[in-house]
Structure formats: structure tokens, C-alpha cells
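Here is a friendly walk through one structure, from a few single residues to the spaces between them. Please keep the sequence and the 3D view open as you read.

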Amino acid sequence: MVSPKASEEVVLKLKEGDIIPVPYGAVSWWYNDGDSELVIVFLGETSKAYVPGEFTYFLLTGTQGILGGFSTEFNSRAYNINNEEAKKLAKSQTGVLLIKIPEGQNMPQPCKNSSDKLVYNIDAALPDVHVQNAGLLTALTAKKFPFLREVGLSATLVKLDANAMSSPIYAADSSVQVIYVAKGSGRIQVVGINGERALDTKVKAGHLCVVPRFFVASVSADGEGIEYFSMITTTQPVFGEFTGKTSVWGALSPKVLQASLNVGPEFEQLFRAKIKKSTILVPPQN
């Protein structure tokens, strides 16, 4: 990666579970030096993109590269080379985006001590929430990983055990969530601000869902469990919870809860007692 105004590239060694913020304007290349498939998922804020909802980027080389977009005359003058050299510069690479490196050609080795500041492995991090027989939740913010401030994002990793559930939550700070399913399968429900179910579908590895501002989402795992990664469009997210000690239900006074639910004191007390014993990650029903 070459950050804006940097004089040299930084080469990072990557492994499964790594999160790598790529700042605006950075130039990056990605190389698989292993013997297995490498999957990289790009998630980011695109509301200010050239086409909202799509990443805005350009390629330096290849048939869609910016070199080929300029005329031979402009390239020769810009790089102080003759016309033949300018044609070779712009036309030699005939690939697009993904290319195969010739056998025997070596790529640069990772820089020492750079990964600690620029890469964070969320798989290896201690979880913020761990519920027996339910799973774990790991939150990654700029407090843990300061480099996230460069991209204005944060992330969570949720691993649900077989038939466990993630209770309904919503982003109380108006941020948007993008959920990517990395492993397993399950079901997701998203309820909109009008009380209607905006999404109710089965999901599996490779699926991606968007949870709009102030929409409430909940995920239930199938028999094999599910692992999903959420990107949130703020560095310090604030979530509203409906279960556990910080539940909004539990914070309301008894009379307000009875009136809003149209129930009697006995049911209100039962509901409040259940909430206090609940957690954001719910084990399977007995």
C-alpha cells in the first residue's frame, strides 16, 4: 500500500481474520503467495462516491488503466520518455485487475513491524461478549485500532454456535451496518422504522446484507452455526439493545411499560424479570 504523499510502499503480510483499513487516495496491490485460494472482502462507505453505492477507484495499469487513457504524446512528455517507450509503458500490460505473475518472478517481502499498526486480526482478539453455548462477539473500534480513524469505520465479529441467536439491536448513532456472512448459515430479520419486516431471509457464507439507519436486526444460526462480520459507518458506534442489563425495556418505568404494551402489572413484572436474565447472545432453546 502507498498512502497519499508517501515516498515508498508498505508491504504487509496477511492471514485469515485480518482487517486492513485502506485510506482514501491510497494505492494498493494484493498478492497471494500461498497455495490456497485467497478471499478479500472490500467493505466501505460509498455515500460520497462518484456513483453512490459503488466504490470509486481507478487502475494504474492494464487495459482499463489510466496510463492507456492518456495519449502517447502526454505520457512521453510526463515521464520524459520517447513515443515508443510511452507506448510500451501504456500497452504492455494486457490484463485487467487480476493478473497471473510469471513463475519465478518474486514479489517484495513484507516490511518489518508495519503490520502491528496497519493490520488487526479480529479472530485473535479477546471477545467483548462470550456466552456459553451461544457464541461470542468482538467489537473493533478506533480505541482498539487507531488506524480505523483513517477510514471512519468500525467493525464487529459475531460467531454464533449451532441454533444460537443474536438478539435484536440497532445503531443508536444513525450509522449504517453492512453484514457479511463468512461461514455457516442462518436466518436474518430486519425490521424498519415503520414496524414492518424489511428483510426475512436465509443467509449463508458469501451473502451480504445492509441494515439501514435505525433499522433493527437479529440473526439466528442454523445447525452448523454462523459467523458474520459487520462494518459500521462510524469509528465509535453506539448500539441500542432490547435484552440484558442495558435493555431499553428494562430502563422504562413499570407504569410506562404497562401502558405502552397494554398489559397488566403481573405480565410486566414477568417480562422485566426475563429481560434482566437475558443476554445479547441467546443459547439454543432446550
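Contact here means heavy atoms within 4.5 Å. With that in mind, N121 touches K15, E16, G17 and D18, not counting residues up to four places away in sequence. Before going on, please note that this is a predicted model, in which local features need pLDDT of at least 70 and side-chain atom pairs count only at pLDDT 80 or more, while totals for chains, interfaces and linings use all residues. Residues are numbered from 1 along each chain as its sequence is written, and side-chain values use heavy atoms, with hydrogens and water left out.

**Around N121 and K13**

N121 belongs to strand β2, residues 120-121; helices (H or I, at least four residues) and strands (E, at least two) are DSSP runs, numbered from the N terminus. Is N121 buried or exposed? With a relative accessible area of 14%, N121 is buried, the classes being buried under 20%, exposed over 50% and partly exposed in between (1.4 Å probe, protein chains only). Its side chain has two backbone partners to look at: a polar atom of the N121 side chain lies 2.9 Å from the backbone oxygen of E16, and the N121 side chain also reaches the backbone nitrogen of A124 at 2.9 Å.

K13 sits in the segment before β1 (18-19) and is partly exposed at 47% relative accessibility. Its side chain makes a polar contact with the side chain of D33 at 3.1 Å. A polar contact is a pair of N or O atoms within 3.5 Å; within protein, one must be able to donate a hydrogen and the other to accept it, and residues adjacent in sequence count only if both atoms are side-chain atoms. K13 and D33 are 20 residues apart along the chain, and their C-alpha atoms are separated by 9.8 Å. Beyond neighbours within four places in sequence, K13 is in contact with D18, D33, P110 and S115.

**Positive phi away from glycine**

Two residues other than glycine deserve a look for their phi values.

| Residue | Phi | Place | Relative accessible area |
|---|---|---|---|
| K5 | about 70° | segment before β1 | 91%, exposed |
| L97 | near 65° | loop between α3 (83-91) and α4 (115-118) | 56%, exposed |

**An annotated domain**

The UniProt record, an unreviewed entry, annotates residues 120-269 as "domain: Cupin type-1". Over residues 120-269 the chain is 11% helix and 48% strand, with the end C-alpha atoms 44 Å apart.

**A cavity**

On a 1 Å grid over the protein atoms alone, a cavity is a set of points where a 1.4 Å probe fits but cannot get out, and lining residues have an atom within 4 Å of a point. Grid points are joined across faces, edges and corners, and a volume is the space filled by probe spheres set on the points.

How many cavities of 30 Å³ or more does a search of the whole structure find? It finds one, and the largest cavity holds about 40 Å³ of space. Its lining consists of I179, V181, I188, V203, C209, V219, I226 and Y228. The elements giving two or more residues to this lining are β7 and β10. The lining of the largest cavity divides into eight nonpolar residues, no polar and no charged, where Ala, Val, Leu, Ile, Met, Phe, Trp, Tyr, Cys and Pro count as nonpolar, Asp, Glu, Lys and Arg as charged, and the others, Gly among them, as polar.

How values were computed:
On a 1 Å grid over the protein atoms alone, a cavity is a set of points where a 1.4 Å probe fits but cannot get out, and a pocket is an open set with protein on both sides within 12 Å along at least five of seven lines; lining residues have an atom within 4 Å of a point. UniProt positions are given in the numbering used here, feature names are shortened, and annotations may be inferred rather than shown by experiment.
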